[in-house]
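User: I am new to this structure and would like a close look at a single part of the interior. Please take one strand and follow what surrounds it.

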Amino acid sequence: MNVIYDISVLGVGHLFPKNRTGIFRVVENIAYGLAAAKECNLTFCASSPQYQLHVLGWCLDYLDSHPEVGKAPLPHLKYRRILNNKLLDLNTKINEVSKLQSLLLKSIRKPLYLTNKAIESYFSLYPIDSKSLSQANIFHSCLYEIPAQTKKAKNIKNFLTVYDLTPILYPQFFEISENEEHFVKKAIDGLEKDNWAICISHATKNDLCNYLKIDPSRVFVTHLAADKNIFYNCSEQDKISLTCQKYGIPDAPYIVSLSTLEPRKNIDQVIRCFAQLVQQQNIKDLYLVLVGSKGWKYDKIFEEISNFSFLKDRIIVTGYVADEDLAALYSGALAFVYPSFYEGFGLPPLEAMQCGVPVITSNTSSLPEVVGDAGIMVSPTDADTLCHNILEIYNNPSLRDSMSLKSLERAKQFSWEKCTQETIDAYKTALNS
């Protein structure tokens, strides 16, 4: 089968490392899997409606630095990258000398802006070269709306990966103006009756089918996985100690939470519970480590920390942590705590389990599918139960050991090879329909 796979997400993540979150990992691992699959003749594309003048170049740069997956071609409209770069260079030069307030510069700026907008508009309509499109029979958008160009192609079966419906079901967790529609909502609303969807959990499939009333037989579930090269049970105490030193974590017990710092992840609940536990139980040696980049309304999290001045040195916010440090950081923790309100899948709990860490997470959305009976699940609003379970793990080494073994066994049920094969099976079902 001839597959066009959109890697816009990889281009953006290549330029901005802090964007290499869950969706980046999904798109990258499936790209590797499809590139290695004998059933697929793979072509990449960059059809993102965002960053239109930039994303092609970023994707090409990504492929240049990843030769294993870069063997698959990324054909594009002739002269597109050259024209983009010329216009961007010209725009940069005008901005550099704009202080001169030259009439000539003012006269150039508006035509240049209009030219840029015209090119963006053209590329949004025709992001894929016609030759690649004519030879393909599968188009797979990994995040953004399926392009009108591929919807019109009669030889194409169009797929969209749906990770979650948070912007639709929980808009309060996103900063969206009244006149703006979130790109995820655009992508989902843009699904047509003859399109196909891949969801990363049964919970997300149920949400999608309830929202769109789409035929469930056209929606497939492909559970994700944690990269075994990044997330593993690190038993080297020296490596754990050096990694902790790198991020300012003392040589002491700690619990860890990893996510983008934003309201949906319910980090302020973790902070309050930690403070309550330390204060009520008079615990002197336990630390809370919050890993992740700042997201929307992250100030609320730091305000919560400031409410407990006696814990100023006991709550450590690391910011972004490089992939090569994650296994050691996870493995050194007493427990991983993740009381998120809503998840399409929930990669961090699976990553923690693959590192052999006891997991406490929410009993909502997709998280029970991921954790199964290996972890402890609580309501994201139940502070007392969360406190109780953290204390149980802190006080009980045998419980930690048994939960660690359960975590490792549960994580074995997920793999990127399985996820890739399920994706290919979905393609085959569509082609045979």
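Analyst: A place to begin is a pair of bridge partners: His-140 is matched with Phe-159 in strand 4. The model is a predicted one. The two strands concerned are strand 3, residues 138-141, and strand 4, which run in the parallel sense and pair over 4 bridges. Strand 4 also pairs with strand 5, residues 196-199, again in the parallel sense and over 4 bridges. Here Thr-161 stands opposite Ile-198 in strand 5. Strand 4 therefore has pairings with strand 3 and with strand 5, and because 5 of its 6 residues, in the run 157-162, are buried, the rest of the structure largely encloses it.

Some of these residues return at a cavity. The count of cavities of 30 Å³ or more comes to 1. The volume of the largest cavity is about 80 Å³. Its lining is made of 13 residues, and those closest to its centre are Val-26, Ile-30, His-140, Thr-161 and Ile-198. Of these, Thr-161 and Ile-198 are the residues that stand opposite each other, while His-140 is the bridge partner of Phe-159. Helix 2 and helix 19 each supply at least two residues of the cavity lining. By type, the lining has 9 nonpolar residues, 4 polar and no charged.

The two helices also meet an open site, the second largest pocket. Its volume is about 410 Å³. Among its 18 lining residues, Glu-28, Asn-29, Asp-227, Asn-229 and Ile-230 are the closest to the centre. Helix 2 (22-36) and helix 19 (416-431) are the elements that give two or more residues to this lining. Helix 2 gives the most, with 5 residues. The pocket lining divides into 6 nonpolar, 5 polar and 7 charged residues, whereas the lining of the largest cavity has no charged residues.

Phe-159 leads from strand 4 into the nonpolar interior. The largest nonpolar core has 84 residues, and Phe-159 is one of those that touch the most other members, together with Tyr-5, Phe-44, Tyr-254, Tyr-330, Phe-336 and Leu-350. Helix 3, residues 55-65, provides the largest share of this core, 7 residues. Another core, of 31 residues, lies apart from it and includes Leu-286, Leu-311, Ile-376 and Leu-391. In soluble globular proteins, nonpolar side chains tend to be buried together.

Two members of the larger core, Tyr-330 and Phe-336, can be followed further. Leaving out residues up to four places away in sequence, Tyr-330 touches Phe-231, Val-256, Leu-258, Phe-336, Pro-348, Glu-351, Ala-352, Cys-355 and Val-357. Phe-336 belongs to strand 10, residues 335-338, where Phe-336 and Tyr-338 point one way and Ala-335 and Val-337 the other, and all are buried. In a regular strand the side chains alternate between the two faces of the sheet.

Strand 10 has its own pairings. With strand 7, residues 254-258, strand 10 pairs in the parallel sense over 2 bridges, and Val-256 has Phe-336 as its bridge partner. With strand 11, residues 359-362, strand 10 pairs in the parallel sense over 3 bridges, and Phe-336 stands opposite Val-359. Val-256 is thus a bridge partner of Phe-336 and also a contact of Tyr-330.

Definitions and conventions
Residues are numbered from 1 along each chain as its sequence is written. This is a predicted model: local features need pLDDT of at least 70, side-chain atom pairs count only at pLDDT 80 or more; totals for chains, interfaces and linings use all residues. Side-chain values use heavy atoms; hydrogens and water are left out. On a 1 Å grid over the protein atoms alone, a cavity is a set of points where a 1.4 Å probe fits but cannot get out, and a pocket is an open set with protein on both sides within 12 Å along at least five of seven lines; lining residues have an atom within 4 Å of a point. Grid points are joined across faces, edges and corners, and a volume is the space filled by probe spheres set on the points. Ala, Val, Leu, Ile, Met, Phe, Trp, Tyr, Cys and Pro count as nonpolar, Asp, Glu, Lys and Arg as charged, and the others, Gly among them, as polar. Buried means under 20% relative accessible area, exposed over 50%, partly exposed in between (1.4 Å probe, protein chains only). Two strands pair if DSSP finds at least two bridges between them. A nonpolar core is a set of buried Ala, Val, Leu, Ile, Met, Phe, Trp, Tyr and Cys residues joined through side-chain atoms within 4.5 Å. Contact means heavy atoms within 4.5 Å.
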